[in-house]
Amino acid sequence: MKIAILSNGDKNYSTQRLVEEAKARGHEVDIVKYKNCYVSIAKGQNAVFYKGKPLDKYDAVIPRIASYMTKYGTTIVRQLEMQGDYVLSRSIAITRARNKLRSMQILAKANIDIPKTVVSRNTADIDELLDQLGEMPVIIKLASGTHGNGVVLAETKKAAKSVLQAFYLTNDDGVNILLQEFVKESAGTDIRAFVVGQKVVASMKRQSLDDDFRSNLHKGGTGTPIKLTPEEEKVAVKAAKAMGLSVAGVDIMRSARGPLVLEVNASPGFGIEKVTGRNVAGKIIEYVERNAKHTIRRDKVGA
């Protein structure tokens with residue numbers, strides 16, 4: 001197969017691992033820097049250009065879109081979809097996952113338990129909003145934040161109001177801000193379940209350092225292998241499916257009322273391989289082989 005990996009470059013560890021596993025299985029692989037692509041749109045002549053030429057036809061495309069490049073990256077992914085390429089992660093699924101508010105709405109509609117969440121543009125409603133969540137403290141986060149950025153723990157109502165006012169003052173362009181309940185029994189810890197297809201292929205517990213309530217590895221947290229309960233595995237797979245993602249990192253918090261889904265990551269990092277010893281990249285390439293080949297056969301039959 002001929003595979004394209006949409007990435008920022010070959011320095012990225014996840015990209016390196018996908019290339020290694022694809023080549024080991026006999027595939028031809030190109031790393032396409034999507035930020036250097038452009039789309040030409042005209043009647044009957046829509047194409048993605050890269051290095052001055054129309055992008056080659058690939059049997060499979062694996063998007064690895066950085067959060068800060070979501071809008072442009074998904075534009076390129078969407079064009080490849082329209083051209084009929086098999087794309088591992090659809091543009092609409094990536095976009096949904098990157099919007100915390102939208103993803104919470106989708107998960108709730110799918111009857112997946114999440115931390116109670118409220119959102120409002122009016123800081124005058126702060127008392128009513130906090131009453132909806134219950135006890136202090138509460139988590140305040142930007143809908144577009146990643147890697148633990150744009151997330152604040154407010155210990156008191158006064159602190160919460162100050163944080164909201166600051167967020168709205170610096171984000172007056174329509175950025176949504178969410179308030180979520182703080183689950184005390186899981187403060188500083190969560191679980192990353194790496195889903196490929198209908199299976200969890202690796203899972204780890206993430207623990208924050210010092211007193212930081214955020215457990216992201218990007219914030220210096222530590223990871224250890226963990227065995228999920230059957231309920232947690234089921235929730236992780238269901239969450240990825242609800243978001244329309246074949247590959248996803250599902251972040252779960254253990255609470256007194258059961259597993260709560262915090263977030264579904266559309267381009268999860270592969271640091272989990274180092275923690276668990278699991279060959280996540282290999283599982284992704286195997287999934288691509290099964291599903292892209294099916295698409296290729298279907299296209300040929302319909303040709």
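What follows is a walk through a few strands, salt bridges and a charged surface patch in this structure. Keep in mind that the model is predicted.

Let's start with strand 8, which covers residues 138-142. Five of its five residues are buried, so strand 8 is largely enclosed by the rest of the structure. Look at how the side chains alternate: Val138, Ile140 and Leu142 point one way, while Ile139 and Lys141 point the other way. All of them are buried, and that includes the lysine, Lys141.

Strand 8 has partners too. It pairs in the antiparallel sense with strand 9 (residues 151-154), over four bridges, and there you'll find Lys141 standing opposite Val151. Strand 8 also pairs with strand 10 (residues 177-181), again in the antiparallel sense, over five bridges. If you want a landmark for that pairing, Leu142 stands opposite Ile177.

Now move over to strand 14, residues 247-255. Strand 14 is mostly covered, with eight of its nine residues buried. Strand 11 (residues 189-196) pairs with strand 14 in the antiparallel sense over six bridges. Strand 14 is also joined to strand 15 by seven bridges, and those two run antiparallel as well. Ile252 is a handy residue for seeing both pairings: Ile191 stands opposite Ile252, and in strand 15 the bridge partner of Ile252 is Val261. To get from strand 14 to strand 15, the chain goes through a hairpin of two residues.

That turn brings us to Arg257, which lies in the loop between strand 14 and strand 15. Which residues does Arg257 form salt bridges with? One is Asp113, with the closest N and O atoms 3.4 Å apart. Asp113 sits in the loop between helix 4 (100-109) and strand 7 (117-119), so this pair ties together parts that are 144 residues apart in sequence. The other is Glu181, where the closest N and O atoms are 2.6 Å apart. Glu181 belongs to strand 10, so this second pair ties together parts that are 76 residues apart in sequence. And strand 10, remember, is a partner of strand 8.

How covered are these three residues? Arg257 counts as partly exposed at 45% relative accessibility, and Asp113 is partly exposed too, at 32%. Glu181, on the other hand, counts as buried at 17%, because the cut-off for buried is under 20%.

Side chains of opposite charge can pair when their charged atoms come close. Another example is Arg192 with Asp251, whose side chains meet in a salt bridge at 2.5 Å, N to O. Here the link runs between Arg192 in strand 11 and Asp251 in strand 14, 59 residues apart. Both Arg192 and Asp251 are buried. Elsewhere, salt bridges that share partners join Arg17, Glu20, Glu21 and Glu273 into one network. Across the whole structure, a search finds 14 salt bridges.

Finally, head out to the surface. Lys199, Lys227, Arg278, Lys283 and Arg290 gather there in a patch of positive charge. Take Arg278 as your way in: you'll find it in the loop between helix 8 (271-276) and helix 9 (280-302). With a relative accessible area of 49%, Arg278 is partly exposed, because exposed means over 50%.

Key:
Residues are numbered from 1 along each chain as its sequence is written. This is a predicted model: local features need pLDDT of at least 70, side-chain atom pairs count only at pLDDT 80 or more; totals for chains, interfaces and linings use all residues. Side-chain values use heavy atoms; hydrogens and water are left out. Patches are made of residues with over 30% relative accessible area and no salt bridge: like charges are joined within 9 Å, nonpolar side chains (Val, Leu, Ile, Met, Phe, Trp, Tyr) within 5 Å. Accessible areas come from the Shrake-Rupley method with a 1.4 Å probe; for residues, only the protein chains shown count as cover. A salt bridge is a side-chain nitrogen of Lys or Arg within 4 Å of a carboxyl oxygen of Asp or Glu. Lys and Arg count as positive and Asp and Glu as negative; His and the chain ends are not counted. The place of a charge is taken as NZ of Lys, CZ of Arg, CG of Asp or CD of Glu. Buried means under 20% relative accessible area, exposed over 50%, partly exposed in between (1.4 Å probe, protein chains only). Two strands pair if DSSP finds at least two bridges between them.
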